[in-house]
Amino acid sequence: YSYHCIFVQSIGYATLAKLDPQYGLYTSVVPPLIYTLMGTSREIAIGPVAVISLLLSSMVQKLEDPMANPIAYHKLVLTVTFFAGTFQAAFGLFRSGFLIDFLSHAAIVGFMAGAAIVIGLQQLKGLLGITHFTNKTDVVSVLKVVWSSFQHPWNPYNFLLGCSFLIFILITRFLGRKNKKLFWLPAIAPLVSVVLATLIVFLTKADKHGVDIVKHIKGGLNPSSVDQLQFNGPHVGELAKIGLIVAIIALTEAIAVGRSFAAIKGYHLDGNKEMVAMGFMNIIGSFTSCYVATGSFSRTAVNFSAGCETAMSNIVMAVTVFISLELLTKLLYYTPVAILASIILSALPGLIDVNEACNIWKVDKLDFLACIGAFLGVLFATVEIGLLVAVTISFAKIILVSIRPGTETLGRLPETDAFGDVNQYPMAVKTPGVLIMRLKSALLCFANANFVRERIMKWVIEEEKDSKLRNAEKTIQIVILDISNMMDIDTSGIASLEELHKNFDSNGMKLAIANPRWQVIHKLKLANFVPKIGGRVFLSIGEAMASFSI
């Protein structure tokens with residue numbers, strides 16, 4: 001089942017990357033073999049994928065026009081593949097996998113949805129038989145070209161052929177989901193579509209009546225491409241940048257796919273080994289006429305449904321595609337381009353996760369902003385801008401949370417020695433004359449020190465006002481600061497604590513520190529802060545209360 005998915009989709013994805021069809025097949029031979037030797041996932045299927053193909057075509061074509069100079073364009077794609085593999089291997093060897101986490105889950109959901117729509121719009125060229133198509137990927141430019149094409153005479157046969165088989169593939173997918181025993185039906189649908197469409201074109205001579213066909217696909221074993229890598233040209237810096245972006249996106253998709261199926265099967269996936277495996281397979285792939293390969297969710301799902309238990313499935317697929325390269329490429333001469341477009345279109349709904357976008361909106365509005373930013377950026381600008389917007393919003397969220405950490409007032413839970421947030425636990429009892437506060441930040445530093453100091457002072461002033469309004473016998477005499485969440489502190493943070501101590505001291509209040517981490521207390525001692533507050537540093541809030549005989 002994996003064979004026809006990979007064989008048919010590989011040809012379509014190569015055309016999406018603006019490469020000749022055989023390069024998609026080459027990419028389905030060597031990288032899967034390398035991954036089998038080095039990777040740790042048992043189910044993942046390696047090969048070209050839609051999103052990476054789109055990334056390459058949208059970014060590399062800015063450096064070289066694939067229509068005007070396809071050979072030079074192909075050399076740049078191979079060089080990008082080498083750089084992508086090098087970055088991926090380096091991430092794994094130096095245990096830098098955290099870099100792929102800069103793309104948050106929300107950003108990936110938005111990016112994938114936007115990319116799916118852009119990929120779908122790109123397929124209108126093959127589906128409608130448009131001769132002159134734009135190199136831009138934004139929705140406005142593509143729709144302008146499509147609209148202008150309707151102003152001229154056009155051939156409806158491409159559209160009818162493509163739509164007919166698109167409907168056929170979607171119906172088989174629906175039947176496969178409704179009846180699990182028919183899981184093989186959507187798996188064979190792409191191959192059946194290609195065979196039938198090719199026969200229809202051949203028997204009816206539809207290519208003579210305006211139906212675009214694939215024509216010649218070069219067969220044989222992957223040729224060497226070592227001498228085609230461009231390390232001395234004027235675009236090396238740009239190619240390295242594109243390689244980095246592609247490397248991160250490819251790793252994000254592959255590791256997400258691998259971990260999803262590893263969790264179902266109940267085994268651990270080593271992220272760093274995966275990165276090294278992906279890196280070396282793309283480096284070797286760049287030497288053997290392959291472009292960037294990664295793990296595909298749709299093909300991995302087919303592997304999983306078919307009961308694949310080991311990575312040997314990649315070897316079976318690679319050998320099968322190689323045999324096809326040797327024997328079957330001539331049979332694809334009359335394959336209509338529209339059927340390849342319909343196969344790619346049929347795979348796109350799986351990239352758009354509306355339910356997950358709704359969940360993100362419910363859970364975290366800032367995360368949804370990153371999601372919709374990536375979606376709109378890819379859709380109305382470029383793929384790079386969509387990624388940049390998503391990463392920028394994600395970083396802005398991190399910075400915002402870091403520079404504006406929360407604080408909470410604590411009270412003793414009845415009949416216990418535990419203390420909890422009075423807003424979360426209304427039954428928590430405040431102790432008269434004592435204000436207990438917890439800082440909800442792992443870091444007190446130059447970025448948030450003044451905000452934290454002002455926030456604490458504001459709380460103290462408000463508590464003082466409340467005490468006076470209640471005619472309480474005791475005003476605040478002791479402020480206990482619980483810093484159990486704080487992992488580190490810098491000199492700005494220490495200076496803000498010293499200012500707090502001075503303000504409290506001048507108003508007849510004492511400052512005490514509770515639950516400090518060893519890194520924090522070590523720095524406070526070095527800064528001579530502990531003696532300044534009279535050594536009032538305690539292991540727990542309860543110990544602090546006891547020391548003041550409260």
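**View 1. Five helices each supply at least two residues to the lining of the second largest pocket.** They are α1, α2 (21-26), α5 (70-93), α7 (124-128) and α15 (337-347). Keep in mind as you look around that this is a predicted model. Which helix gives the largest share of this lining? That is α15, with four residues. The second largest pocket holds about 1200 Å³ of space. Its lining counts 42 residues, and T15, L19, M67, K125 and V337 are the closest to the pocket's centre. Sorted by class, the lining has 20 nonpolar, 15 polar and seven charged residues.

**View 2. The largest cavity encloses about 60 Å³ of space.** How can we find a gap like this? Rolling a probe the size of a water molecule over the atoms shows where empty space is left. In this model there are three cavities of 30 Å³ or more. Look for the residues that line the largest cavity: F7, V8, I11, V194, V214, I217, L332, T335 and L340. Helix α1 (residues 2-16) gives the most to this lining, with three residues. How do the lining residues divide by class? Eight are nonpolar, one is polar and none is charged.

**View 3. Helices α5 and α12 cross at roughly 155 degrees.** Helix α12 covers residues 271-287, and its axis comes within 7 Å of the axis of α5. Angles over 145 degrees count as roughly antiparallel, so α5 is roughly antiparallel to α12. The crossing of these two helices is left-handed. On the α5 side, the contact is made by L78, T81, F82, G85, T86, Q88, A89, F91, G92 and L93. Facing them from α12 are N272, M275, V276, M278, G279, F280, N282, I283, S286 and F287. This contact has 11 nonpolar and nine polar residues, with no charged ones.

**View 4. Helices α17 and α18 pack with their axes 6 Å apart.** Here you can follow α17 along residues 365-380 and α18 along residues 383-403. The angle between them is about 165 degrees, which means that α17 is roughly antiparallel to α18. Is the crossing left-handed or right-handed? Helix α17 passes α18 in a right-handed crossing. From α17, the residues in contact are L366, D367, L369, A370, G373, A374, G377 and V378. They meet V383, G386, V389, A390, I393, S394, K397 and L400 in α18. Of the residues in this contact, 10 are nonpolar, four are polar and two are charged.

**View 5. Helices α3 and α14 pack at an angle of about 160 degrees.** In this last close-up, find α3 at residues 30-38 and α14 at residues 312-327, with their axes 8 Å apart. The two helices are therefore roughly antiparallel to each other. Their crossing is left-handed. Which residues of α3 meet α14? They are P32, L33, Y35 and T36, and their partners in α14 are M312, N314, I315 and A318. By class, six residues of this contact are nonpolar, two are polar and none is charged.

Notes:
Residues numbered from 1 in each chain as written. Predicted model: local features only at pLDDT ≥ 70, side-chain atom pairs only at ≥ 80, totals over all residues. Heavy atoms only, no water. Axes fitted to C-alpha atoms, helices over the stretch in contact; angles between N-to-C directions. Parallel < 35°, antiparallel > 145°, perpendicular 65-115°, else oblique. Left-handed = near helix turned anticlockwise from the far one by under 90°. Contact = heavy atoms within 4.5 Å. Nonpolar A, V, L, I, M, F, W, Y, C, P; charged D, E, K, R; others polar. 1 Å grid on protein atoms, 1.4 Å probe; cavity = no way out; pocket = protein on both sides within 12 Å on 5 of 7 lines; lining within 4 Å. Points joined across faces, edges and corners; volume = space filled by probe spheres on them.
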